[in-house]
Amino acid sequence: QVCASLDPSPSHAPPAMGNKTSLMDTAFEMKLKSKELQRMSKKCEKEEKQERAKVKAAIEKGNRDGAQVFAQNAIRKKSEALNYLRMSAKFDAVASKLESADMTKDLHKSIAKTVPQLEKAMKKMDIEDISKDMEKFEKMLEDLDVRADYITQAVDATNAASTPADQVDDLLKQVGEEHQLDVSNMLTAVGPATSQLPQQQQQAAAAPAAGEDPLMARLNAL
């Protein structure tokens, strides 16, 4: 006894293409069969669960023979579900190979058309012009890096001013106390970091007064 029939139906027939069936049509047919097998496998799994429920009911009623029959049915349904699943995987594998073969065939055709055009384009390429364009491109990238560094420095300075270090330390201590965590190494106002951070902030604040910012000098030179 099986869960459903594997006989092909007319609705699954591939589209008419004269007397020739393409690889993609065959792959499509294989995928349809794979989906059908998956549905049959799920149906068998559902029937297996039903048989297992019957086993439980028979055991509760003390019906030994009935429980054995239902158990045999459940085992058979489980085996059928696995078989359908294996067959579905095989159909999927065949469909994938057919699609790959069709794509390889199309790719070969595209390469055959592209090679002569590529040869013509290679002959028209001027190495010196390409080198000059690359130098200009690299210069533009350097200019972008300078602007990005300046923006990053400005954002960092703004964040430092808008979020004072003492408030950050207070929040870290609060979270550490709530969750019993050691945050002593993360505080800016404790240990060696206490003297370093304010000093760095003071130096950063005093840098514009001492002379022109190196980043500004690079920006002005662009």
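## A colleague's note on a helical model

1. Let me start with one residue. Glu 99 has a relative accessible area of 21%, so it counts as partly exposed; to be called buried, a residue has to fall under 20%. Please keep in mind throughout that this is a predicted model.

2. Who is the partner of Glu 99? Glu 99 forms a salt bridge with Lys 31, and their closest N and O atoms are 2.8 Å apart. Because Glu 99 belongs to helix H2 and Lys 31 to helix H1, the pair ties together parts of the chain that are 68 residues apart in sequence. Lys 31 is also partly exposed, since its relative accessibility is 34%.

3. A second bridge is worth a look. Lys 77 pairs with Glu 47, with 2.9 Å between the closest N and O atoms. Here Lys 77 sits in helix H2 and Glu 47 in helix H1, so this pair ties together parts 30 residues apart in sequence. Are these two residues buried or exposed? Both Lys 77 and Glu 47 are buried. The pair also belongs to a network of salt bridges that links Glu 47, Lys 77 and Glu 80.

4. For contrast, here is a bridge between sequence neighbours. The side chains of Asp 65 and Arg 64 meet in a salt bridge, at 3.8 Å from N to O. Asp 65 counts as exposed because its relative accessibility is 52%, and Arg 64 is exposed as well, at 58%. If you would like to browse the rest, the whole structure holds 9 salt bridges. As a reminder, side chains of opposite charge can pair when their charged atoms come close.

5. Now to the overall layout. The chain has 6 helices and 0 strands, and from the N terminus on its elements run α-α-α-α-α-α. Of the 222 residues in the chain, 16% are buried. The accessible surface comes to about 17200 Å², and carbon and sulfur atoms account for 59% of that. If we take the contacts between residues at least 6 apart in sequence, 69% of them join residues at least 24 apart.

6. Helix H1 covers residues 23–61. How far should its 39 residues reach? At 1.5 Å a residue the expected span is 57 Å, and the end C-alpha atoms are 57 Å apart, so the two agree. Just after H1 comes Gly 62, which takes a positive phi of about 80°.

7. Helix H2 runs over residues 64–124. H2 has 61 residues and stretches 88 Å between its first and last C-alpha atoms, close to the 90 Å expected at 1.5 Å a residue. Where does H2 bend? There is a bend of about 30° at Thr 114, and a proline, Pro 116, follows within four residues.

8. What does H2 pack against? Its buried residues pack against helix H1. Among these buried residues of H2 are Gly 66, Ala 67, Asn 73, Ala 74, Tyr 84, Ser 88, Ala 95, Leu 98 and Asp 102. Lys 77 and Glu 80, which you met in the salt-bridge network, are on that buried list too.

9. Not every residue of H2 is covered. Asn 83 lies in H2 and is partly exposed, because its relative accessible area is 37%. Asn 83 and Leu 37 are 46 residues apart in sequence, with 9.2 Å from C-alpha to C-alpha.

10. If you are curious about the surface, try the nonpolar patch of about 900 Å². Its members are Leu 118, Met 122, Met 125, Ile 127, Ile 130, Met 134, Phe 137, Leu 141 and Leu 144. Which helix gives the most to this patch? H3 does, with 6 residues. Helix H2 and helix H3 (127–162) each supply at least two. One patch member, Ile 130, is found in H3 and is partly exposed, since its relative accessibility is 39%.

11. Lastly, a word on helix H4, residues 165–179. Its 15 residues should span 21 Å at 1.5 Å a residue, and the end C-alpha atoms are 21 Å apart, so the helix matches the expectation. After H4 comes Gln 180, whose phi is positive, near 55°.

Methods: Residues are numbered from 1 along each chain as its sequence is written. This is a predicted model: local features need pLDDT of at least 70, side-chain atom pairs count only at pLDDT 80 or more; totals for chains, interfaces and linings use all residues. Side-chain values use heavy atoms; hydrogens and water are left out. Patches are made of residues with over 30% relative accessible area and no salt bridge: like charges are joined within 9 Å, nonpolar side chains (Val, Leu, Ile, Met, Phe, Trp, Tyr) within 5 Å. Accessible areas come from the Shrake-Rupley method with a 1.4 Å probe; for residues, only the protein chains shown count as cover. A salt bridge is a side-chain nitrogen of Lys or Arg within 4 Å of a carboxyl oxygen of Asp or Glu. Buried means under 20% relative accessible area, exposed over 50%, partly exposed in between (1.4 Å probe, protein chains only). The expected span of a helix is 1.5 Å times one less than its number of residues. The bend at a residue is the angle between axes fitted to the seven residues ending there and the seven starting there. Contact means heavy atoms within 4.5 Å.
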